[in-house]
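Please open the structure in a viewer and keep a selection panel at hand. The stops below are arranged as a tour, each with something to select and something to inspect.

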Amino acid sequence: MNDDLREQYENYPYPPRNPADEATRLIVGSPSDILEIDHHIFAGRRDSARPFRALVAGGGTGDATVMLAQQHADAGIEAEVVQLDISEASIAVARARIEARGLSNARFVHGAIEDIASLDLGTFDYIDCCGVLHHLADPAAGLRALRDSLAPDGGMGIMVYAPLGRMGVYHAQTMLRMVAGDAPDPERIDVAKRLLGDLPETNWLRRNPHVRDHLDQGDAGIYDLLLHRRDRAYSVTELAALLRDGGMRPVNFIDPVRYDPSVYLKDASLADRTRGMEWLERCAFAELLAGNIKTHIVYAVRADNDADTLAAPHSPACIPLLRDGEGGELARQFKPGMSLAINADGVKISLALPPLAREILARIDGRRSLKQIHAAIAAEDKPGLDWIAFKNQFDQLYGTFYGVGRMFIRTAA
């Protein structure tokens with residue numbers, strides 16, 4: 001089966017990427033954004049003077065490799081990003097993208113995750129494993145192999161498919177096995193296109209507007225979504241068990257707000273019942289309640305790492321960071337009393353903002369500490385504002401913006 005997977009990605013590298021596009025944009029996302037790594041794996045305390053090693057396990061055409069290499073170069077952090085993949089065609093695309101950017105901090109290794117112990121790659125501070133474990137014959141064994149290559153204080157960013165948000169995908173896969181079987185790949189893709197064009201309105205895939213790879217990613221997208229030789233999905237509970245079997249423990253999901261039942265439940269008594277649950281149980285409840293989560297993105301550390309690796313704004317010396325840069329422009333979008341409205345794959349969520357949201361956001365520049373932000377607001381906007389009142393409002397703002405993956409914390413060492 002590994003030979004079939006290798007052939008698939010040699011013939012249909014995924015996702016399809018054009019190295020010429022690197023001149024106009026950097027694809028960023030989760031996992032493996034530099035702010036997310038520092039926040040979830042290193043408690044916001046990563047030493048930028050310390051050389052950093054990252055492995056992109058099953059890196060495909062290079063999205064994570066390019067993002068990690070470029071962001072660390074931009075931050076002036078000495079880094080080595082190693083991409084491991086079974087497809088030479090995919091590696092060729094990823095390498096061309098790195099070369100188009102003039103980066104020298106990435107290298108490429110042709111091989112399988114299961115064979116990592118024999119490849120003499122050393123240990124890594126961070127491992128990206130995005131969209132890979134669910135394609136392995138033995139995902140737990142693959143995860144253990146990666147775990148054994150992880151530094152004691154390192155961590156992973158993992159993405160696996162989730163079942164409910166991919167409603168219709170597995171029905172279509174079954175149908176295509178029935179009508180296309182082991183036909184040559186070009187024929188299987190042609191049959192898939194014909195089936196997609198003939199789905200009745202009641203078909204679950206046609207009714208699922210949030211799965212689009214078969215519409216947006218060409219033949220490679222159709223193959224990866226509907227014709228993949230090995231593909232399974234994990235619920236929150238099943239993913240937690242996989243992490244445990246692989247010697248890892250979860251730190252948090254991205255985006256956390258989607259795993260909070262209280263954002264969906266309008267009945268306060270029901271929301272109160274969920275607050276007594278353990279964290280993972282609440283996440284599992286939210287997945288069942290929302291019914292539309294397509295993938296789970298989770299940051300995890302080794303099970304034998306009992307340190308608190310998740311950053312939090314506990315100290316006045318903490319520095320808040322926005323994924324979008326400085327907060328001045330963002331601040332101008334909010335007026336007192338406004339909420340932050342998001343559309344989470346069809347679920348409309350409204351998240352309350354504190355009265356001082358605009359004033360706080362305007363002063364977040366990646367350099368000022370909470371103490372400095374408080375002092376500026378107390379001097380310029382809200383005379384007499386004490387620390388406790390400020391901190392209560394900041395915590396509400398932080399809970400909202402961290403919940404949707406837009407604010408993180410740098411912690412003083």
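What covers the buried residues of α6? The cover includes α7 (185–196), α8 (204–207) and α10 (218–226). Please bear in mind throughout that this is a predicted model.

**Helix α6 and its end**

Select residues 169–180, which make up helix α6. Its twelve residues, at 1.5 Å a residue, should span 16 Å, and the end C-alpha atoms are indeed 16 Å apart, so expectation and model agree. Next, highlight Val169, Ala172, Gln173, Leu176 and Ala180, the buried residues of this helix. Viewed down the axis of α6, these buried residues fall within an arc of 105 degrees and therefore line one face of the helix. Then step to Gly181, just after α6, where phi is positive at about 50 degrees.

**The sheet**

Now display the strands. Seven of them form an open sheet with mixed pairing, in the order β3-β2-β1-β4-β5-β7-β6. At the edges are β3 (106–110) and β6 (248–254), each of which pairs on one side only. From one strand to the next, the twist averages 20 degrees.

Select β5 (residues 150–161) together with β7 (residues 295–302): the two pair in the antiparallel sense over seven bridges. Within this pairing, Ile158 has Val298 of β7 as its bridge partner. Add helix α5 (residues 139–147), which packs on the sheet and touches β1 (52–57), β4 (124–130), β5, β6 and β7. The direction of α5 makes about 150 degrees with that of β5. Helix α13 (residues 279–290) can be shown next; it lies across β6 and β7 and runs at about 45 degrees to β6.

**His72**

Move to helix α3 (residues 63–74) and select His72 within it. Is this residue buried or exposed? His72 counts as buried because its relative accessibility is 0%. With its neighbours within four places in sequence left aside, His72 is in contact with Ile34, Arg46, Phe52, Ile77 and Ala79.

**Cysteines**

Colour the cysteine sulfurs. How many disulfides does the structure hold? The number is zero. For Cys129, the closest cysteine sulfur is that of Cys130, 8.2 Å away, which is too far for a bond. Cys129 is buried, with a relative accessible area of 0%, and Cys318 also counts as buried, at 1% relative accessibility.

**Backbone details in the loops**

Select the loop between α1 (2–11) and α2 (34–41), where Pro15 is found. The peptide bond from Tyr14 to Pro15 is cis, with omega near -10 degrees. Pro31 is likewise in the loop between α1 and α2, and the peptide bond from Ser30 to Pro31 is cis, with omega near -5 degrees.

Continue to Ala43, in the loop between α2 and β1. Its phi is near 55 degrees, a positive value in a residue other than glycine. Ala43 counts as buried, at 7% relative accessibility.

The last stop is Asp120, in the loop between β3 and β4. Asp120 is not a glycine, yet its phi is positive at about 55 degrees. Asp120 is exposed, with a relative accessible area of 71%, whereas Ala43 is buried.

Definitions and conventions:
Residues numbered from 1 in each chain as written. Predicted model: local features only at pLDDT ≥ 70, side-chain atom pairs only at ≥ 80, totals over all residues. Heavy atoms only, no water. Helix = DSSP H or I, 4+ residues; strand = E, 2+ residues; numbered from the N terminus. Buried < 20%, exposed > 50% of the residue type's maximum accessible area, 1.4 Å probe, protein only. Contact = heavy atoms within 4.5 Å. Pairing = 2+ DSSP bridges. Axes fitted to C-alpha atoms, helices over the stretch in contact; angles between N-to-C directions. Expected span 1.5 Å × (residues − 1). Arc of directions from axis to C-beta. Disulfide = S-S within 2.5 Å.
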